[in-house]
Amino acid sequence: MRRLKNIVNRSLKWPAFPSLILLILFFIINVILSPGFAAPNALAGFLAYNVPLVCVAIGVAVVLLTGGIDISLGAQVSLVNVVFVTLIGLKWSFMGALLGAVGSALVFGAINGFIVGFLRVTPLLTTFATSSIIAGLALWIMPTPGGMAPENFITWYSDFIFGIPVPVIFVVISFLLWVIIKYTPLGIWILATGKHDMKAYVSAIPVSWVKFFVYVFASLLSAIGGIALTGSVGSGDPLVGLPIALNAIAACVIGGLSLNGGYGDVWGSIFGGLFLGLVITTVLGANIPSFYQDFVSGIIILFGVLGASMLRKINLPELNSRKPQIETGRKPRGMEVEKIEQR
Amino acid sequence: MSLEIKQLAKRYGSVVAIRQASLKVNDGEVMAILGGNGSGKSTLAKIIGGAVNPSEGIITYGTEKLQVKSPKDAKRKGIVITSQELSLFDNLSVKTNLLMCEIPRKFGLFVDKNTLEKRAEGIMGKMGISHLLDKPTKELAPNEQYMVEFAKALIQEPKVLIIDEITSALYREDVEMVKNLVAELKRKGCMILFISHRMSEIFSMCDSVTVMKNGETIGTFGINEKSENELLSLMTGKDLTRVEESEVVSHGREDKAEMMLSIKNLKLQSFSKSIDLEVRKGEIIGVAGLQGHGQSDLVRTLFGLQQHIKINLDGKQIDITNPYQSVQAGLAFISGDREREGVYGTRSISENLRSVKELVTKQGDVPEEELLKDYGVVFNSVNQPINTLSGGNQQKVVIGRWMATEPKVVLADDPTKGIDVQARRDVHRILHKLAEKGSAVIMVSSDDEELVELTKRVKLAKIIVMYEGQISAILKGSDITTENIISASMPIGV
Amino acid sequence: MNKGKLKVYLPSITASIVLLIVGQVLSKGFASANNIGSILTVASVLAIASIAQTLVILTGNEGIDLSVGAVMSMGALFGPLLAGGASSHLPIAFLMLAVIGGLIGLINGIGVQFVKIPPLVMTLIMVSVVNGFSLAYTKGQPAIQMPPVLLEVGAKIFGPIRWLLIIAVIILIIMEVILRKSRYGRSLYLVGNNRRAAEIGGIGVNKIVILSYVLAGIIGIWSGCILVGYAGSAQLEMAKDYTLLSIAAVVIGGTKLTGGEGTLLGGVLGAIVLTILTSVLVAVGMPDGVRELIQGLTLLVILMVYSRAPKLRQ
């Protein structure tokens, strides 16, 4: 009984917990609304469509943990998609095109990381500017949607391996990459940097490199997401990734990651991403005319972020005050007895 | 081996932090660095620790020239600094914090959790604070945080250890512990630079003492060469050897003065007990106590910065939930943290001075030139940015901003922190003048001597000493001495 | 105004002149009075947008309004719509636009100030809400009748000077006076300079910040309506480029992204520089993607020069 209480207590304190509950709740709603949703094929379809968002969300989550932000990842997803399809169109081998596409994202990850980590420009605006550069580049390479991904790749992407949908493997790989980092000193450094970068520097942490690394890491994950997206869409589109930039950040906020850095669990970004995917699916499933879908999903994201932020404020009041707590174990000297008063 | 510093200087633009510093420490030597606020002690410590880049000067360690490129580089060379600016991360466990600077690894890649825990337990056990190991870092009390900070330094097995003011937040028994550990390090041949204000600690722990004043090292002396008063004179430049028996004005009877502010059952956030406080018109109240015992919370709460409170001000019952209301009601708040809570750095002196009276209380024009001259602020034009002034003058402008509104009660949280002696006196004079006009002043200071000085020449004054969020003593008249303040602010070693 | 403040404008003035010369070299007639007149007219819309952006950036604490472009697009659609194509209804339309724009700003401000969502995220979310709303309302087919008077904003008054330029100058003067003289404006600089100190100094920080977002919403939505008058026809998301451009303009004009320091005139000069740059790129015949790329690159370079946090090692 006490152990149960312990588990309950600990999960209540787990930052990703509210998003897990939301996810389960919305899943149940979906299954009730359309009973076919729980069928393996329908689920696989759902995942195929939403895996890119989840991969990018994991990348953003790691950046958020260092107290940074990256809004260029959506554009990077587009770039990966466009480069991959274009290279395939130029008769490159599959591996060659894959490496070329991933490499293009990593270059921009390195640029972001260098400017934020070493030149110490604010990450918001840096990635805002690079987002425009990357989007422009994608548009330059492929001015209008077109091209084709290799057909066997598209069929493989929607297939199962050992009963597991292939898209899930993309998420598992992404998450495992983070887990490896988490158990190296870098995992500790990321959290420390996010809490206070000057303190981290004084504690002999290579702060600039840590920041550089997380932007490159986020780019790697957005590249994985971009490849997954290509498998899902099947063709090239220079604007395909743009909505992901914002949705991934929203997913992290809903998943309980702090935008101020240092708090949260990467699990939250997965739950948050899947939750957003479910919401959009629900909106689509509710037969709302297509013109209203953007507005409705915008409103839902707005309320999701507002709600999650307010919940955090209630749950973690200490985030708002810098004051250390005082232990009141010891008694002060006898106040009545020794109070020094002038007679 | 020895560490020698020659002609070190540090300038931030036109601001000089260290003019000229030279000293030499040997293996197994504990050297105190003594100096007033802003004398450059902490900057010196940061330069040796690698966090700050010196503008000039040479540091030699043993026979070779030492160039510290970063804190990481310093740590590689065995130089560890543990400072009053805590470096603990409250989103990580105590154990992780301890090993932050050199995380043990296995397979050269992953964090070796077992070794980490073992080493953390080892050092904490040795210090007798194992009970803190599993406490969340953010729940550590201030003294506990400093002990963990110290443990974090010890675990790195330093060759050169710089202790920057960590003992001022510690309880007596903790200080004893630190003393023993320092003695042990000394036996091992570690050289230690000990920065502290507390004379008793310096005399009991150190072999030598280097005195700093206004960014310069005045000289290094054997610990037995100089008396406490001699050191103080060197530090302040005032001759304190001839102790002036202070002309204590007998404080007037307080019940004759009208009540200005009273509050009952005030419970400060994160403390369990409550406070009653009465302040008379024209009264100056000094608030003393060890860091983190609620002094600053008291004035901040009264100003509406922490919680919703009800106070009785000048005969009227009022509610205060935010500073806007308290300013309208006639309260003023002067923070010692000028940079963060006082000045609008890049805005002009004029804007800084007018900000409250014209924009908030809407009482009209501010006679700026007159006011600045009266306070002795040296300036070229009221349109120059305030951050071109010296720290003391900046603080005077901030104070002037409030004085222009003729506040009923001035709340001050260590307002003279980091400003020079002359400016400090000017601040006291301004506050005295205000009290003469019938306003009340409640001022917190981390410097007990300052409080004694502040309350000495006033008609109506007292000092309240706080401990764990409560008033542990009220001192009046001839009872106002630094000894009485200290004994009331520290718990007896139970 | 003293010398130090004039120095802030020097880079944008120099850049304008250099770009004009480059344009003249690359294509004859670029620096003619007529072309400069039309460049200034185009710059006017961006200038008004940059005024809105400046108000928010001045609030400090990473204050930034990424919804400017979306709000402008909305103004471009709803201005003519609300007027119903009749010039006589324009005043009412502008009033209603102010309510809508103000409301968007209010939501932004509340999200930022009370729920503590970082401004960038809050206003970015607002982009999808606003664009989504426009799409939902027009069903993707903005068939809009333009009120004739609105189309006049692009008409010449004398020489190369057009109404649009006059409107921009009037807005600039009014807002500059408000910032310098009013209690709101003076408090805004203090709030942006040191928010904590402003709070302790009794300034109603929440009020000031939220008011800035509201004003930015109103000015933004109006400038969108003016834009559509100049462009002659409305499209969905027609002003989305203005978000990035307005930020770049503000930064070029010497306004600090950390807040509390800068002038509206600076942003306006920045707008002129960027418009000349775009004109040069168009004159040389750069494709859309490259133009976006160069705009981003420009912003990035400006950021690296002007907006770096203090070094880790001092």
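This text walks through a predicted model, from the build of chain A to the domains and salt bridges of chain B and a nonpolar patch on chain C.

Start with chain A. It has 15 helices and 2 strands. Its C-alpha atoms fill a box of roughly 95 × 50 × 40 Å along the principal axes. Of its 343 residues, 53% count as buried. The accessible surface of chain A comes to about 14,900 Å². Carbon and sulfur atoms hold 70% of that area. Contacts in chain A often span long stretches of sequence: among those with a separation of 6 or more, 78% join residues 24 or more positions apart.

Confidence comes next. The average pLDDT of chain A is 84, and 90% of its residues score at least 70. Residues 317-343 of chain A are another matter, with pLDDT under 50 throughout. The model still gives this stretch 57 contacts beyond four places in sequence.

Now move to chain B. It is divided into domain 1, residues 2-236, and domain 2, residues 255-489. The centres of the two domains, taken over C-alpha atoms, are 33 Å apart.

Salt bridges offer a way through this chain. Side chains of opposite charge can pair when their charged atoms come close. The whole structure holds 37 such bridges over all chains. Three pairs in chain B can be taken one by one.

The first pair is E176(B) and K179(B), whose side chains meet at 3.5 Å, N to O. Both sit in helix 6 of chain B, residues 172-187. They are 3 residues apart there, so about one helical turn separates them. E176(B) is partly exposed, at 41% relative accessibility. K179(B) is also partly exposed, with a relative accessible area of 22%.

R429(B) and D426(B) form another bridge, with their closest N and O atoms 3.9 Å apart. Here the element is helix 15 of chain B, residues 421-436. Again the two residues are 3 apart and about one helical turn separates them. Their exposure is split. R429(B) is partly exposed at 35%, whereas D426(B) is buried at 12% relative accessible area.

The remaining pair joins loops. D314(B) and K281(B) meet in a salt bridge of 3.0 Å, N to O. D314(B) lies in the loop between strand 16 (309-313) and strand 17 (316-320) of chain B, and K281(B) in the loop between strand 14 (274-280) and strand 15 (283-289), so the bridge ties together parts that are 33 residues apart in sequence. D314(B) is partly exposed, with a relative accessible area of 29%. K281(B) is partly exposed too, at 25%.

Salt bridges also form a network that takes in chains B and C. From chain B come R300(B), D337(B), R340(B), E341(B) and D413(B). From chain C come R196(C) and E199(C).

Finish on the surface of chain C. Which residues make its nonpolar patch of about 390 Å²? They are V18(C), V22(C), L26(C), V284(C) and M286(C). Helix 1 of chain C, residues 3-26, gives the most to the patch, with 3 residues. M286(C) comes from elsewhere in the sequence: the loop between helix 12 (264-284) and helix 13 (288-306) of chain C. M286(C) is partly exposed, with a relative accessible area of 31%. Patch residues need over 30%, so M286(C) qualifies at 31%.

Methods. Residues are numbered from 1 along each chain as its sequence is written. Chains are lettered from A and ligands numbered from 1 in the order in which they are written. This is a predicted model: local features need pLDDT of at least 70, side-chain atom pairs count only at pLDDT 80 or more; totals for chains, interfaces and linings use all residues. Side-chain values use heavy atoms; hydrogens and water are left out. pLDDT is the predictor's confidence in each residue, from 0 to 100. Contact means heavy atoms within 4.5 Å. Patches are made of residues with over 30% relative accessible area and no salt bridge: like charges are joined within 9 Å, nonpolar side chains (Val, Leu, Ile, Met, Phe, Trp, Tyr) within 5 Å. Accessible areas come from the Shrake-Rupley method with a 1.4 Å probe; for residues, only the protein chains shown count as cover. A salt bridge is a side-chain nitrogen of Lys or Arg within 4 Å of a carboxyl oxygen of Asp or Glu. Helices (H or I, at least four residues) and strands (E, at least two) are DSSP runs, numbered from the N terminus. Buried means under 20% relative accessible area, exposed over 50%, partly exposed in between (1.4 Å probe, protein chains only). Domain bounds come from an automatic or database domain assignment.
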